[in-house]
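Please find below a colleague's note on the structure shown here, set out as numbered points for someone meeting it without prior acquaintance.

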Amino acid sequence: FGIMAGKVKWVTDIEKSVLINNFEKRGWIQVAENEDWNFYWMSVQTIRNVFSVETGYRLSDDQIVNHFPNHYELTRKDLMVKNIKRYRKELEKEGSPLAEKDENGKYVYLDFVPVTFMLPADYNLFVEEFRKNPSSTWIMKPCGKAQGKGIFLINKLSQIKKWSRDSRTSSFVSQSSKEAYVISLYINNPLLIGGKKFDLRLYVLVSTYRPLRCYMYKLGFCRFCTVKYTPSTSELDNMFVHLTNVAIQKHGDDYNHIHGGKWTVSNLRLYLESTRGKEVTNKLFDEIHWIIVQSLKAVAPVMNNDKHCFECYGYDIIIDDKLKPWLIEVNASPSLTSSTANDRILKYNLINDTLNIAVPNGEIPDCKWNKSPPKEVLGNYEVLYDEEMAQSDGTDRDLRGRPGQSTGVKGSRARDSGKPVLTTWK
């Protein structure tokens, strides 16, 4: 994904053979000190160093990297929620129909992240919210960790007090001495298949934030828990019931190493079409795409839109039993290691298609080009949103004055769900 000139080292948790085979297939030169071109995967930390003021690095026009400098505005759990909240407030101030609220004060269209607070900063606000519904379950996650590490569920204030208070002073531990967490209302009515909870891992490629241009990968998958779901409070500590992360589930007694507890998105679509109907299923996927575009729009104003950058994000979406999708988090470095044969094929194609968009035709990278590749190189990607195209069509302008819904930039499909709906991409 990262394409750099000069002498470099591999910095990777990916199967190098996948990348090397990919480069050889294209006739690209492998990493070598005496060659003109080197290719390697850049970690989040490497990107930080590349764009650090202290290091003094300057990228040339033929160098492209696979993260935006401050991608964490979207991929850190606390900052993602903070930016989405700010985005809602700004739309409210503008009088945008997107920011419409119902009689209970809930957003009609922008209610796609669970109620979330930052800890320790928002502790008092959380307590106030918890007491409104003391039977609720909440999920706590460390802001800067992945793969399900450090996550636990609570349903009593005493549990969070035990976590948060210093035993000697009985006062709330300061932000500097305690790792920051987010605490979110737990989706305790997830859609179950075979009695098991699952979430969606979807891949989204952003080639530029201003103007926003993003692509949806058609070959995502569902990740299933190995143990049947129960909302029982006695199972709150059983992560095999609640967390879909493969890093956790692979240690379970019931983990299947052949299919890896995964289902393709196309299989999920077929299942939902046969059990819930095609129209309802299409509406669900429209709403998922809507969520992704709105989350990207929320961070676009604050993202450092460096011309040398592109990024492939791993979106985690949970669907509840009313077929409402919820955005759980966005990953800056979605795992590209393969746990099954199908996984390997999917991720190989993901790498190949991403590189085809970042560097069309395998040519020497050029960060000055307009980043709008021809359709024939998209592979399994499809354009999710193109801000330039939307503005030239006048659709962004029209949205302010009239409701309506469409899918993608084509606007090919309309829904009637008994309430006004909004144009999803524009």
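1. Glutamate 311 is a good place to begin: glutamate 311 is buried (under 20% relative accessible area, with over 50% called exposed and anything in between partly exposed, using a 1.4 Å probe and protein chains only), yet glutamate 311 has no salt bridge. A salt bridge here requires a side-chain nitrogen of Lys or Arg within 4 Å of a carboxyl oxygen of Asp or Glu, and the nearest side chain of opposite charge, arginine 48, is 9.8 Å away. In that search Lys and Arg count as positive and Asp and Glu as negative, while His and the chain ends are not counted.

2. The model is predicted, local features need pLDDT of at least 70 and side-chain atom pairs count only at pLDDT 80 or more, whereas totals for chains, interfaces and linings use all residues. Residues are numbered from 1 along each chain as its sequence is written, and side-chain values use heavy atoms, with hydrogens and water left out.

3. What does the side chain of glutamate 311 make a polar contact with? The partner is the side chain of histidine 67, at 2.5 Å, where a polar contact is a pair of N or O atoms within 3.5 Å; within protein, one must be able to donate a hydrogen and the other to accept it, and residues adjacent in sequence count only if both atoms are side-chain atoms. A polar atom of the glutamate 311 side chain also lies 3.0 Å from the backbone nitrogen of phenylalanine 68. Leaving aside neighbours within four places in sequence, glutamate 311 has contacts (heavy atoms within 4.5 Å) that include Asn66, His71, Val204 and Ala332. Glutamate 311 itself belongs to strand E12 (residues 311-319), with helices (H or I, at least four residues) and strands (E, at least two) taken as DSSP runs numbered from the N terminus.

4. For the chain as a whole, there are 13 helices and 14 strands, and buried residues make up 53% of the 426 residues. Of the contacts with a separation of 6 or more, 68% are between residues 24 or more positions apart.

5. One open sheet has 4 strands in the order E3-E6-E4-E5, with antiparallel pairing; two strands pair if DSSP finds at least two bridges between them. Strand E3 (116-119) and strand E5 (152-154) stand at the edges with a single partner strand each, so one side of each is left without a neighbour in the sheet. On average, and with direction ignored, neighbouring strands of this sheet are turned by 25° against each other. Between E3 and strand E6 (residues 181-185) there are 4 bridges, and leucine 119 stands opposite tyrosine 181 in E6.

6. Two helices lie across strands of this sheet. Helix H4 (residues 77-94) lies across E3, strand E4 (138-142) and E6 and runs at about 130° to E3, while helix H5 (residues 123-132) lies across E3, E4, E5 and E6 and runs at about 140° to E3. The axes are lines fitted to C-alpha atoms, for helices over the stretch in contact, and angles run from 0 to 180 degrees between N-to-C directions.

7. Some backbone details deserve a look. A cis peptide bond, with omega about 10°, joins leucine 119 to proline 120, and proline 120 sits in the loop between E3 and H5. Another cis peptide bond joins arginine 210 and proline 211, with omega about 0°. Leucine 323, in the loop between E12 and strand E13 (325-331), has a positive phi of about 60° although it is not a glycine.

8. The structure holds 15 salt bridges. Among them, aspartate 316 and arginine 223 meet at 3.3 Å, N to O, and this pair links strand E12 with strand E10 (residues 221-224), 93 residues apart; both residues are buried. Lysine 262 and aspartate 343 form another, their closest N and O atoms being 2.6 Å apart. Lysine 262 lies in strand E11 (residues 262-264) and aspartate 343 in helix H11 (residues 341-358), so the pair ties together parts that are 81 residues apart in sequence. Salt bridges that share partners also join Asp199, Arg201, Arg223 and Asp316 into one network.
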